[in-house]
Structure formats: C-alpha cells, structure tokens
Amino acid sequence: MHPFVRTAFLASACAALIAPAVAAAPPHARFDGLIGTWSCTNIYPSAMGGPARQTRTYARVGPSSVSMRVTGKGFERSGYLAYVAATKTWWHPFSYPNGNWAVESTKKVGVRRTYTGKYFNAATGATIPVRDIFVTLSSTRFTDLGQYQVAGAWKTGYSGTCTKQKT
C-alpha cells in the first residue's frame, strides 16, 4: 500500500484545527494545536468511518506534516496531514489495514475547510468521490463530516466530534 495514501484521513482531522488567526503562520506552526490525543464520537458508525467511539493521535513528523492514527473497537486508520508550500496545498492521504485508501486535498485555511478527493475499495477495485468538511469549534474541539458520492448525490459516511484530551 502506498504510504502517501495511508495518511489522507489523518490530514483531514489535522486541518480541522487551523483557525483564521494562524493562517499567516508558517505551516509547521499550524499543526501545533493538533499534536496530542483526541477522543471522538461518530454518530454514523460504519466500516469506512469507524465505530461510535474513536481515539485520534497526532504527532509531528517534520516541519510541514503530522501523522495521524485513528483507533476504535475493531478499527484502525493511519494517515498524514502534509502542507506543500510550492502549491499552497494541504494533502490528506490515509489508509486502512484491509488495503482501502483515500486521498484528499484543499487549499483552504480557516475555521471551515473542505477536503475533496477519492476513496479506493481494495475488494472491488472501485473508487468513489469523497470529501471531509472540518470545522474548528475551539482550540480543543472540532467536527469532521465525511461524505461519499453515489449517483451524483452526497451521502454521509461519518460525522464526528473530537475533543482534545488533557495531557
């Protein structure tokens, strides 16, 4: 499985903490609020979106990227949030242990960001359009609405609210 693809979901969650006040900060500073462990509740549990209760862990892996790991009962997803200064693009590749993967990107910063891309199902070989809408609620809370497109209509795959755990 391609390492870049494994990071997409994490990137989406990481981007959720980028508020307008830090939009002018260097890319590495934009990740500072994400570093740590988050408790998340997903009101649409699914194989793609994960169980109702999840833990997200973010760690710095370089000056312009962080790794993300999402775990829950019988669920795991790994990815990255990476900023490419040359194109001013945030990339969010991620993957699942069963070979499924997704990659999304955005050029937006601020309280609300929409990442768009594609999701690959390893069992069927099919890809579908996906998007994640991240909304920063505070420095310790964000939402992540994940959707996929079927027959031209967007369907909700997961809807999570994450709260940063005290360290």
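Of the contacts in the protein between residues at least 6 apart in sequence, 46% join residues at least 24 apart. The model is a predicted one. Its secondary structure consists of two helices and ten strands. Read from the N terminus, the order is α-α-β-β-β-β-β-β-β-β-β-β, with the two helices ahead of the strands.

The protein has 167 residues, and 45% of them are buried. The protein exposes about 7900 Å², and carbon and sulfur atoms supply 58% of that area.

The structure holds two salt bridges, listed here with the N to O distance.

| Side chains | Distance (N to O) |
|---|---|
| Arg56 and Asp144 | 3.1 Å |
| Glu76 and Arg69 | 3.1 Å |

In the salt bridge of Arg56 and Asp144, Arg56 belongs to strand E2 (residues 53-62) and Asp144 to strand E9 (residues 141-150), so the pair ties together parts that are 88 residues apart in sequence. Arg56 counts as buried because its relative accessibility is 3%, under the 20% cut-off. Asp144 has a relative accessibility of 0% and therefore counts as buried.

The other salt bridge joins the side chains of Glu76 and Arg69. Glu76 has a relative accessibility of 30%, so this residue counts as partly exposed. Arg69 is partly exposed as well, with a relative accessible area of 44%. Both values lie between the 20% limit for buried and the 50% limit for exposed residues.

Technical notes: Residues are numbered from 1 along each chain as its sequence is written. This is a predicted model: local features need pLDDT of at least 70, side-chain atom pairs count only at pLDDT 80 or more; totals for chains, interfaces and linings use all residues. Side-chain values use heavy atoms; hydrogens and water are left out. Helices (H or I, at least four residues) and strands (E, at least two) are DSSP runs, numbered from the N terminus. Buried means under 20% relative accessible area, exposed over 50%, partly exposed in between (1.4 Å probe, protein chains only). Contact means heavy atoms within 4.5 Å. Accessible areas come from the Shrake-Rupley method with a 1.4 Å probe; for residues, only the protein chains shown count as cover. A salt bridge is a side-chain nitrogen of Lys or Arg within 4 Å of a carboxyl oxygen of Asp or Glu.
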